[in-house]
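Q: I would like to go through this structure with you, starting with its charged pairs. Could you take my questions as they come?

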Amino acid sequence: MNETVASGRKRYPVSIEQYAAYHKDGYLIVKGLLEADDVSRLQSWTDDIFYGRVTELDHLSREHAWMEGTNKAERLASARMHMPHLHNETAEWGLLHPRLLDVLEALIGPDVLALQSMLFFNPPGKGGQGWHQDSFYIQTQPDSLIGAWVALDRADERNGCLWIAPGSHCEPIYPPPEARKGYVHADERHIQGLVPVTAPSHMDDSINNLSRIAAKYGEAVPIVLEPGDVLFFHSHLLHRSYRNETADRFRRAYVLHYCNARSRVPWNGSNENHILARGRTHLPYASPKLGTPVELSPEPADGGSDKGAMMVAMPDGDMGKMDM
């Protein structure tokens with residue numbers, strides 16, 4: 001099945017094998033999901049930022065970015081920019097790219113809420129993050145968070161690719177030791193042996209106790225990607241990266257987070273701050289502020305309750321949408 005949607009474009013078909021692999025292993029790599037022209041647009045945008053051809057970096061560094069260093073050159077060299085889609089058309093377009101959303105519809109949809117965008121430069125000598133689980137930082141109710149890691153350069157063991165513990169998505173989220181107001185996952189009262197996490201994301205495995213959890217799943221696996229490849233990964237999956245050890249290669253990536261649009265999102269405000277990217281929802285939502293078109297489902301014609309839809313296995317082996 002290669003369905004043509006109302007806009008005339010061809011939908012990316014997700015197979016049952018891909019769906020099963022994601023739920024079995026906690027991740028799915030889709031090679032070449034973004035075409036060369038789309039990758040080039042995102043690469044040009046990152047170059048414009050890095051080489052100072054746009055001024056949005058200073059704006060983002062005040063409002064939505066974490067950056068090392070005190071002067072502009074240092075910030076540029078080690079930037080991890082948060083939420084650029086709120087300020088830049090290309091960033092919004094990348095977050096709402098229809099081929100990304102086609103895959104997300106099958107894995108967590110069909111109703112998809114776009115929550116977060118982050119741009120990583122990771123130049124030589126920079127980068128790295130210790131073992132962590134994304135739902136530790138971003139909670140959804142029900143728990144439907146998913147990440148999409150879009151490679152803009154080749155990512156490999158030398159320049160700081162992502163490493164994962166396959167199958168570790170079956171672990172619960174390990175909670176913080178401090179007060180847990182607003183924390184939505186189970187704790188040691190509900191799951192025996194669920195210890196508080198110490199120093200999540202810390203690079204030192206002797207300090208970050210999630211390293212011991214990851215070790216239960218055997219040797220970590222490097223995720224080697226080419227530009228345009230996309231890694232979709234479960235929000236409980238333990239993953240990490242290392243410093244870029246090359247002398248002349250960047251490891252740029254556009255890293256995005258989504259959830260099912262029928263989950264409540266207490267993170268970063270509430271649902272009305274996040275974009276309904278696909279389908280429909282009974283909850284509040286935002287629309288793209290910079291004009292990126294999205295494919296939404298109409299409300300029920302009879303004016304009755306919104307019963308939604310679900311993805312099911314179709315006779316030809318692909319995943320398809322069925323109204324409920």
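A: Certainly. In this predicted model, Arg154 forms a salt bridge with Asp156, and their closest N and O atoms are 2.9 Å apart.

Q: Are those two partners, Arg154 and Asp156, buried, exposed or partly exposed?

A: Arg154 is partly exposed, because its relative accessible area is 36%. Asp156 has 7% relative accessibility and therefore counts as buried.

Q: How many salt bridges are there by this rule?

A: The count comes to 18 salt bridges. One of them joins the side chains of Arg9 and Glu295, at 2.7 Å from N to O. Arg9 lies in the segment before helix H1 (16-25) and Glu295 in strand S13 (residues 295-296), so this pair ties together parts that are 286 residues apart in sequence.

Q: Which other side chain meets Glu295 in a salt bridge?

A: The side chain of Arg278 does, at 3.7 Å from N to O. This pair also links distant parts of the chain, with Arg278 in strand S12 (residues 275-279) and Glu295 in strand S13, 17 residues apart.

Q: And how accessible are Arg9, Glu295 and Arg278?

A: Arg9 is buried, with a relative accessible area of 17%. Arg278 is buried as well, at 3% relative accessibility. Glu295 counts as partly exposed, at 22%; the cut-off for buried is under 20%.

Q: Which residues are linked with them in a network of salt bridges?

A: The network links Arg9, Arg11, Asp102, Glu105, Arg278 and Glu295. Asp102 and Glu105 are among the buried residues of H6.

Q: Let us turn to H6, then. Why is it described as largely enclosed?

A: Helix H6 spans residues 98-108, and 10 of its 11 residues are buried, so the rest of the structure largely encloses it. Besides the two acidic residues just named, the buried residues include Arg99, Leu100, Leu101 and Val103.

Q: Which residues touch the most other members of the largest nonpolar core?

A: Leu33, Leu100, Phe232, Tyr254 and Tyr258 do, in a core of 39 residues. H6 supplies the largest share of this core, seven residues. Another core, of 16 residues, lies apart from it and has Tyr27, Met118, Leu225 and Leu237 among its members.

Q: What does Ala91 touch, leaving out residues up to four places away in sequence?

A: Ala91 touches Trp45, Pro84, His85 and Tyr254. Ala91 is found in helix H5 (residues 89-95) and counts as buried because its relative accessibility is 0%. Although Ala91 and Trp45 are 46 residues apart along the chain, their C-alpha atoms are separated by 8.3 Å.

Q: Changing topic: where does Arg252 lie, and is it buried or exposed?

A: Arg252 lies in the loop between strand S10 (239-241) and strand S11 (253-260). Its relative accessible area is 11%, so Arg252 is buried.

Q: What does the side chain of Arg252 reach?

A: The Arg252 side chain reaches the backbone oxygen of Gln43 at 3.4 Å. A polar contact at 3.0 Å joins it to the side chain of Asp47. Not counting residues up to four places away in sequence, Arg252 touches residues including Thr46, Phe120, Phe121 and Val150.

Q: Finally, how many disulfides does a search of the whole structure find?

A: The search finds zero disulfides. As for individual cysteines, Cys161 is buried, with a relative accessible area of 1%, whereas Cys170 counts as exposed at 55% relative accessibility.

Definitions and conventions
Residues numbered from 1 in each chain as written. Predicted model: local features only at pLDDT ≥ 70, side-chain atom pairs only at ≥ 80, totals over all residues. Heavy atoms only, no water. Buried < 20%, exposed > 50% of the residue type's maximum accessible area, 1.4 Å probe, protein only. Helix = DSSP H or I, 4+ residues; strand = E, 2+ residues; numbered from the N terminus. Core = buried A, V, L, I, M, F, W, Y, C linked by side-chain atoms within 4.5 Å. Contact = heavy atoms within 4.5 Å. Polar contact = N/O pair within 3.5 Å; in protein donor to acceptor, adjacent residues only side chain to side chain. Disulfide = S-S within 2.5 Å. Salt bridge = Lys/Arg side-chain N within 4 Å of Asp/Glu carboxyl O.
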